[in-house]
Amino acid sequence: MGKYKRWSSEFAKRLRRPEWRHWVPAIIAVAVGVLISATPFGQGWEEDLGLTSLFRLRGPIEPPHDVVVISIDRASSDHLGLPNNPRKWPRDLHARLLDRLKEAGASVVAFDMMFQDPRDPARDRAFGEAVRRAGNVILFELLTREIVPTGTGGASGPGEAIIEQRVPPIPALADAALGLAPFALPKVPIKVSQVWLFKPEAGGAPTLPMVVFQAHAKAAYAELLSLIEELDPEAYQRFRDGIGGAAERFDERVRVLRRMLQLDPRLPTRLNEKLAESWPAGSPKHEEVAALISAYAGQHSLYLNYYGPPRTIETISYYRVLDGDALEGLDLAGRAVFVGAAARLQPEQRDGFYTAHTGQSGLDISGVEIAATTFANLLERRPVRPLAPLWELALLVVWGILLGLSLRWLPGGWIPLAGVGAGGAYFGIALSAFTQAQLWMPLVTPLLVQLPVAILGALLWRYRDVHRERENIRRAFGMHLPLPVVDQLARGIDDFRASTEHAYGICLASDGEQYAALAERLDPAALKRFMNDYYAAVFPPIRSRDGVVADVIGDAMFAIWAAGNERPELRQRACEAALSILDAVADFNHRNPEHRLPTRLGLHCGELVLGHVGAVDHFEYRPVGDIVNTASRIEGLSKHLGTRLLVSADVIADLNGFHTREVGRFVLKGKTRPLSIFELMAVRDRNEDATDWLRHTFAQGLEAFYAGSWKEALRWFEAIEKEHGRDGPTTYYLALCRRYLAEPPTQGWSGVVTLATK
């Protein structure tokens, strides 16, 4: 629980005050979401997939009782003995239908059928007379489209304009109808999600559902005109003048009233306020008038709120209305009736449209059902309401920021789960808003674009952070441990503790002279800075030749070169590193004349074990083996010989790239076996070596020393001292020869010097 509280507190703090780099996943999620949503592809994807998903998950809903569809279908064709093509039906049959509907008390009848071409005059006349008797018939008006040049295209060339011409039915029908209206819909494979209420390209003409809605709400229409006259008598008079008197066709009244409310944006608000004073909200009268105001003051088009799959709106076969007995059982009083082709089976469809409810059977929703759905949406004021562009933009920005910032701080394993949970919550809210309020929130961009981008971005950023943290830890541990060991530590602490590596290696031991006096003179902070500078000079020669600094204690250091088996190149690199260290120390001492730290080095090779030495909760990684101690003893031998760099014979065996001299055979302190020790003097080059005479002469003296010829050895060593000056090994052997002349060693002496001190 404490760990969770600490994490949640840290999360909240970072969410309140994130650094700029923490915004990167959020910025990417926002940018991708906004860009996708702004493209036609993104908008089409949202409408095709997002809106369809909402409809299907919401399921069918109950349509209003006020609307009914009379379908011209196969059953009617078979029953009446007519071809299954509505355009070939005799028009006096529609006259019988209208008489039946008038008898049943339908409020308005709309024909979603073309009657632009004359047929049998007698039958056309009979149909026209029935239309006139009914007095409530709205007929379909054909739209033809023409693209004409405008000459205003600018630098890109001539512009174009789309002009739509309205083609009315034959005069016998057009003159008798209450109103005429077009109803244009796209063809498959485009899904029908929107419909026009008013057609701008056709002079703002109201479409069939809008005119039917106005005709159905006659009482509300009269109340609306009364409100307009009361609020703005001048506007009302302009409306009366615009329609040209009471004889003007009904659809023209709708168009003029729409234009009036569009020209005065404040008028709809004032009408709603006045309506609330006249009729209480929720009353039938208030709802009808409010629906009219909403339709007139709204957009040119609306998004359809489909009630369900084909035939969700009550659908009655055409022939049943003509059957007197069947008509008695039908409730058509006060209802808006839409007449058109609406097949029951997909192969019979002639007027089908691809929608969100097109099922696996392929049965589309007919045009007449879409018209009826539009009417029902207007009546209930329940069309689908997409978010306004600015609100959608704000939603995508906020959603992207919340996802990017919140997922960014979660542990890696929780990011996908939290992302799916957030996506599920968003989807639940969107579905609830759609079901309860018909509010269409975008789904595809937030859930299929921004959410995966945010999850992937958070995972990559988390990986980046973890990788960076590991690299920081690796660098930090790398200051104390070899990098391969750090990598092993990263894989697991158990393997780290148990790991042991048997290897062949070269160990380099170093020690600084006069360190104790230096530590006494300097304060701890100054001593720390001094030693850091010293090791900054000493470490690079080792690292550059693939060596590993294994341990540092004060002025003493151990470095190793290790491999699975004996490799001459390792000894070569170790020797080069040792010589480079001497050069680096000389340069360091030159730069620090007040606090010099001369350094001695010793090299030895052999088998060793690399592992973690310690217990309980403290371990140190170090080499273990005799060569480590021996290298330290070889380094200590320099104090006796006055040298800087000594190596065992095994280290330089078969190496021809260096100038060396043997300085003797020794049994080092604490050892039992003698070692041949050499001084590593320089890297061999093509120039004549200045130490050739010294090395040759010293070898002669050492050979005499091994043979026990103390006087001869003295002559050689004295010659070196006279010719060369002070030389540490020469001084050492001069003293030793003089002592052996005074007190010869025991019988059986083999030339090996045994050291009693380090």
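**Exercise 1. Find the residues that ring pairs link into a cluster.**

Solution. Start with the rule: rings of Phe, Tyr and Trp (its six-membered ring) pair if their centres lie within 6.5 Å; planes under 30 degrees apart count as stacked, over 60 as edge-to-face and the rest as tilted. Follow the pairs, and you get a cluster of Phe-666, Phe-698, Phe-705, Tyr-706, Trp-710, Phe-717, Tyr-732, Tyr-733, Tyr-740 and Trp-749. Next, look over the face of Phe-698: Arg-661 is there, at 4.7 Å from the ring centre. That counts as a charge over a ring (NZ of Lys or CZ of Arg within 6 Å of the ring centre and within 35 degrees of the ring normal). Lys-285 does likewise over Trp-279, at 5.8 Å from the ring centre.

A word on ground rules: this is a predicted model, where local features need pLDDT of at least 70 and side-chain atom pairs count only at pLDDT 80 or more, while totals for chains, interfaces and linings use all residues. Residues are numbered from 1 along each chain as its sequence is written, and side-chain values use heavy atoms, with hydrogens and water left out.

**Exercise 2. Classify the ring pair Phe-55 and Tyr-306, and place both residues in the chain.**

Solution. A search of the whole structure turns up 29 aromatic pairs. In this one, the centres are 5.8 Å apart with 70° between the planes, making it edge-to-face. Now for the placement: Phe-55 belongs to helix H3 (residues 40-58), and Tyr-306 to the loop between strand S10 (301-303) and S11, 251 residues apart. Helices (H or I, at least four residues) and strands (E, at least two) are DSSP runs, numbered from the N terminus. Last step, burial: buried means under 20% relative accessible area, exposed over 50%, partly exposed in between (1.4 Å probe, protein chains only). Phe-55 comes out at 1%, so it is buried, and Tyr-306 at 2% is buried too.

**Exercise 3. Work out the strand order of the open sheet of 6 strands, then find a helix that packs on it.**

Solution. Two strands pair if DSSP finds at least two bridges between them. Walking across gives S6-S3-S2-S12-S1-S11, with parallel pairing. The edges are strand S6 (179-181) and strand S11 (315-317), each pairing on one side only. On average, neighbours are turned by 25° against each other, direction ignored. Zoom in on strand S2 (residues 108-111) and strand S3 (residues 137-140): 3 bridges join them, and Val-109 stands opposite Val-137. Helix H8 (residues 208-216) packs on the sheet, touching S2, S3, S6 and strand S12 (336-341), and its direction makes about 165° with that of S2. Touching here is contact, heavy atoms within 4.5 Å; axes are lines fitted to C-alpha atoms, for helices over the stretch in contact, and angles run from 0 to 180 degrees between N-to-C directions.

**Exercise 4. Is Arg-381 or Gln-438 the buried one?**

Solution. Begin with the backbone. Most residues other than glycine have a negative phi. Arg-381, though, has a positive phi of about 55°, and phi of Gln-438 is near 60°. Then locate them: Arg-381 sits in the loop between helix H16 (367-380) and strand S15 (385-386), Gln-438 in the loop between helix H18 (414-437) and strand S16 (439-440). Finally, check accessibility: Arg-381 has 37%, so it is partly exposed, whereas Gln-438 has 9% and is therefore buried.
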